[in-house]
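Subject: the model we talked about

Hi,

Here is the structure I promised to pass on. Have a look at it first, and my notes follow underneath.

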Amino acid sequence: SANENVGLNRALIVLIDILEMIDSDGFAGKISRPAINVNLKDLAEFTAAVVNPAVFMAVVAHSSIVQRGSDLVFVISTKHKQCAGQSLWTDEPYQEMKTILKRMNRRVGSVGASIEHLSEAHGC
């Protein structure tokens with residue numbers, strides 16, 4: 001069932017963060033298959049239990065990717081899992097700023113790509 005504290009928009013943002021984490025950690029280049037299996041069981045359980053949207057949005061900053069054979073596993077820290085039931089929670093300022101800057105960088109890159117696409121389409 002859907003968790004109203006997460007929602008589709010937040011879920012998609014976190015999934016994009018996970019894809020970027022896989023890429024930045026170099027796993028995309030290490031696995032020589034066209035598709036990479038990523039076990040998101042930890043994330044699914046966390047998503048069902050989380051009661052504060054901020055706790056959910058910070059999940060990637062408190063997680064890691066572990067390679068098991070030819071598959072990857074998304075692992076949430078025990079400390080962050082324990083925050084799932086907290087209705088009042090704030091992230092450490094350093095982690096929060098780091099996450100915000102990554103997301104802003106992604107948005108700026110997306111806007112830049114859109115402007116470039118529009119310029120090419122209009123012959124500018």
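Let me start with one loop residue: Gln82 sits in the loop between α5 (78-81) and α6 (93-121). Helices here are DSSP runs of H or I with at least four residues, strands are E runs of at least two, and both are numbered from the N terminus. Gln82 counts as exposed because its relative accessibility is 58%. The cut-offs are under 20% relative accessible area for buried, over 50% for exposed and partly exposed in between, with a 1.4 Å probe and protein chains only. Gln82 is 21 residues from Arg103 in sequence, and their C-alpha atoms are 25 Å apart in space.

Before going further, some housekeeping. This is a predicted model, so local features need pLDDT of at least 70 and side-chain atom pairs count only at pLDDT 80 or more, while totals for chains, interfaces and linings use all residues. Residues are numbered from 1 along each chain as its sequence is written, and side-chain values use heavy atoms, with hydrogens and water left out.

The overall picture

The protein has six helices and three strands, and along the sequence they follow the pattern α-α-β-α-α-β-β-α-α. Its C-alpha atoms fill a box of roughly 55 × 35 × 30 Å along the principal axes. Of its 124 residues, 29% count as buried. Taking contacts (heavy atoms within 4.5 Å) with a separation of 6 or more, 72% are between residues 24 or more positions apart.

The sheet

The three strands make an open sheet in the order β1-β3-β2, with mixed pairing. β1 (38-39) and β2 (63-68) are the edge strands, each with a single partner, so one side of each has no neighbour in the sheet. Two strands are taken to pair if DSSP finds at least two bridges between them. β1 and β3 (residues 71-76) pair in the parallel sense over two bridges, and Val38 has Leu72 in β3 as its bridge partner. Two helices pack on this sheet. α1 touches β1, β2 and β3, and its direction makes about 55° with that of β2. α3 (residues 41-49) touches β1 and β3, at about 30° to the direction of β3. For these angles, axes are lines fitted to C-alpha atoms (for helices, over the stretch in contact), and the angles run from 0 to 180 degrees between N-to-C directions.

β2 and β3 run antiparallel and are joined by six bridges, one of which pairs Ile65 with Phe74 in β3. They form a hairpin with two residues between them, and Gly69 in the turn has a positive phi of about 70°. Gly69 is exposed, with a relative accessible area of 62%. Its C-alpha is 10.0 Å from that of Ile31, 38 residues away in sequence.

Phe74 turns up again with Asp42, a residue of α3. Asp42 counts as buried because its relative accessibility is 14%. Beyond its neighbours within four places in sequence, Asp42 contacts Phe74, Val75, Ile76 and Lys81.

The α1 and α6 helices

α1 (residues 7-24) has 18 residues and reaches 26 Å from first C-alpha to last, close to the 26 Å expected at 1.5 Å a residue. The expected span is 1.5 Å times one less than the number of residues. By that rule the 29 residues of α6 should span 42 Å, and its end C-alpha atoms are indeed 42 Å apart. Each helix is followed by a glycine with a positive phi: Gly26 just after α1, at about 85°, and Gly123 just after α6, at about 70°.

In α1, the buried residues are Ile13, Val14, Asp17, Ile18, Met21 and Ile22. In α6 they are Gln95, Thr99 and Arg103, and these pack against α1 and α4 (53-57).

How do α1 and α6 meet, and at what angle? They pack at about 90°, with their axes 12 Å apart. That makes α1 roughly perpendicular to α6, a label for angles of 65 to 115 degrees (under 35 is roughly parallel, over 145 roughly antiparallel, and the rest oblique). Ile13, Ile16, Asp17 and Glu20 of α1 make the contact with Arg103, Arg106 and Arg107 of α6. These residues divide into two nonpolar, no polar and five charged. In that scheme Ala, Val, Leu, Ile, Met, Phe, Trp, Tyr, Cys and Pro are nonpolar, Asp, Glu, Lys and Arg are charged, and the others, Gly among them, are polar.

Cheers
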